[in-house]
Amino acid sequence: MNYLDYLIPLLQLLCMNVILAASLNVINGYCGLFSIGHAGFFAIGAYAAAAGSKLLMPEFAAAQPALALIACVMIGAAAAGLAGLVVGIPCLRLTGDYLAIATVGFGEIIRIVLLNTEAVGASRGFPGIVLLTGKWFPLWVLLFTVGSLYFIHRLMRSSTGRAILSIREDEIAARSMGINVRFYKTFAFVVGAFFAGLSGGFFAHHSQFIHPSNFNFMISVMVLLMIVVGGMGSQMGAVLGAIIVTLLPEALRFSETLSSIRMLIFGLIMILVVLWQPQGLMGFYRKLFATRKAEHA
Amino acid sequence: MLKVNSIGVSYGAVRALFDVSLEVKRGEIVTLLGSNGAGKTTTLRAISGLVPTNKGQIHWKDQDLAIFNGQAHRIVQSGLSHSPEGRRIFSGLSVKENLEMGAYIRSRKTTQDKLAIEEDYEKVFTLFPRLKERLPQLGGTLSGGEQQMLAIARALMQRPELLMLDEPSLGIAPLLVEAIFKALVEINKQGVTILLVEQNAAAALSIAHRAYVLETGHTTLTGSAAELANNPKIREAYLGA
């Protein structure tokens, strides 16, 4: 087997996970909301994009695969963003644990609705999604990943980003600074949902077959894990976390003795990270950097 | 300028304010005295829309604050700043960024707007030179007194007409308390009206024009600062003499 046949899909998956982690990081890391229903937005993006390419524009997709791919992932992202708005407006009145529970509930509702919707294949799944753009697909994934990261990076350095950060830092202080807390919370939530949907759109085309079980609660947990390992509230951390959580189980696959217990080792590493470095890898990096600075002073 | 007319506030089943009335006129320093749990902080929160009232009215510059429907950010934009209890600076942001957050609501459309903001930076640095030395430092690494200075400076960056301060002397070294109260007098001279909530009654009465006394959610006493400072009851209850 050509090793590229293994490596390229793996790297595509990595890119999608990077977008997922970066998008959850906007909600959990930057805005300080505790959301663990990200698989729901991922699912909406995937199903909306799949429906777009298979049901809405099959002829267009055959004629103009690149444009159709862009249109489909944008449909997925927009659908997820809209879902973020619909879920966010009532749920963001909640804080902390309560918000977490509500978002878990939302994620499960999405999965169960998909599981029972005949139009998208219900429990049989959604087959026959064409891999638009064929061999160019990985490049499109990469392009959109870099684009998403750049967009979020710029957003967080704008005054909107500053408002979002201030809510995480201290909500009451943010309100007394004249920041419309409810608006910016919803905004951050929609941005996070939008990019999760974008990632879902690529996932649908990457897998060519999607099933509600691809979007179960463990996916939400895995994305949360990425940003915890990488360090909440750091874009670099989200990227690093996605890389580790995606590639580590794969790397362990190659060792004959370790491959059978690789998920065990993986779980152990996660526990150790949280025990010793709860600020994540970027927290560790910052600490190193800070001590060096102190030495210089 | 600000007229609070017999407001009440409840936290769930617990009533915090029963009947609080007070008035602040343009250019004044008014202080609100009272023991723990009297409702001083709640009064400020009710004015700035952080907690809803269940009776009475608040008039601000001839309009009923009810039109803002408890949206705190719109009340701030109307020129009423609240520096909340416990400083609440953004500890993960630098001193400079904290001040920028203060200026968040300001318009930056014209060069004049931008100049006005620059001017206000200079003004707060003249008031609190320490902040200028610490601009790149994270807010959380400042001392308590410096954090309080930052909280006041941040509120001033909103260019408020009325500045409400909640316990600026709380947990701060006496020397810094003196510096902060001096700064408050200076701020008032520059045309900012101040409503000050303070446990340190002696210090508050020394700079205030008028004062109100709050007891278990009722305003019970009012008068000029000098009158209250000489009132035997007040001297016994709050001034420890």
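Author: Before we start, a polar contact here is a pair of N or O atoms within 3.5 Å, where one must be able to donate a hydrogen and the other to accept it. Keep in mind too that this is a predicted model.

Reader: OK, with that in hand, how many residue pairs are in polar contact across the interface of chain A and chain B?

Author: The rule looks across the interface and takes pairs with both residues at pLDDT 80 or more. For the wider picture, 18 residues of chain A are in contact with 23 residues of chain B. The number of residue pairs in polar contact is eight.

Reader: Which helix supplies the largest share of the side of chain A that touches chain B?

Author: Two helices of chain A, H7 (159-169) and H8 (171-176), each give at least two residues to that side. By class, the side of chain A that touches chain B has eight nonpolar, six polar and four charged residues. The largest share is seven residues, and the helix they come from is H7(A).

Reader: What area is buried between chain A and chain B?

Author: Carbon and sulfur atoms give 60% of the area buried between the two chains. On the chain A side, Arg162(A), Arg175(A) and Met177(A) supply 37% of what that chain buries against chain B, more than any other three residues. The area buried between chain A and chain B comes to about 1,800 Å².

Reader: And how many salt bridges are there between chain A and chain B?

Author: Side chains of opposite charge can pair when their charged atoms come close. One such pair is Arg88(B) with Asp170(A), whose closest N and O atoms are 2.9 Å apart. Over all chains the structure holds 16 salt bridges, and the count between chain A and chain B is three.

Reader: Arg162(A) caught my eye. Which residue of helix H3 of chain B does the pair reach from Arg162(A)?

Author: Arg162(A) is in helix H7 of chain A, and its pair crosses between chains to helix H3 (residues 95-102) of chain B. The closest N and O atoms of that salt bridge are 2.7 Å apart. Arg162(A) is also linked with Glu97(B) and Glu100(B) in a network of salt bridges. The residue in helix H3 at the other end of the pair is Glu100(B).

Reader: Is Arg162(A) buried or exposed?

Author: The cut-off for buried is under 20% relative accessible area. Its partner Glu100(B), at 28%, counts as partly exposed. Arg162(A) has 19% relative accessibility, so the call is buried.

Reader: Now within chain A: which residue forms a salt bridge with Glu171(A)?

Author: Glu171(A) sits in helix H8 and is joined to a residue in helix H9 (residues 181-207), 14 residues apart. Glu171(A) is partly exposed at 29%, while the partner counts as buried at 5%. With the closest N and O atoms 3.3 Å apart, that partner is Lys185(A).

Reader: How many residues apart in sequence are the parts that Glu161(B) and Arg26(B) tie together?

Author: These two form a salt bridge, with the closest N and O atoms 3.5 Å apart. Arg26(B) is exposed at 55%, whereas Glu161(B) is partly exposed at 27%. Glu161(B) lies in the loop between H6 and S7 of chain B and Arg26(B) in the loop between S2 and S3, so the parts they tie together are apart in sequence by 135 residues.

Reader: Glu28(B) is a charged residue, so where does it end up, buried or exposed?

Author: Glu28(B) lies in the loop between S2 and S3 (29-34) of chain B. Its side chain makes a polar contact with the side chain of Arg210(B) at 2.7 Å, and the backbone nitrogen of Lys25(B) lies 2.8 Å from a polar atom of the Glu28(B) side chain. With a relative accessible area of 11%, Glu28(B) is buried.

Reader: Last one, on the strands: what is the bridge partner of Ile7(B) in S2(B)?

Author: S1 (residues 2-11) and S2 (residues 14-24) of chain B run antiparallel and are joined by seven bridges. They form a hairpin with two residues between them, and Gly12(B) in the turn has a positive phi of about 60°. S1(B) also pairs with S4 (residues 55-60) in the antiparallel sense, over five bridges. Back in S2(B), the partner of Ile7(B) is Val20(B).

Technical notes
Residues numbered from 1 in each chain as written. Chains lettered and ligands numbered in written order. Predicted model: local features only at pLDDT ≥ 70, side-chain atom pairs only at ≥ 80, totals over all residues. Heavy atoms only, no water. Pairing = 2+ DSSP bridges. Helix = DSSP H or I, 4+ residues; strand = E, 2+ residues; numbered from the N terminus. Contact = heavy atoms within 4.5 Å. Buried area = accessible area lost by both parts, 1.4 Å probe. Salt bridge = Lys/Arg side-chain N within 4 Å of Asp/Glu carboxyl O. Nonpolar A, V, L, I, M, F, W, Y, C, P; charged D, E, K, R; others polar. Buried < 20%, exposed > 50% of the residue type's maximum accessible area, 1.4 Å probe, protein only.
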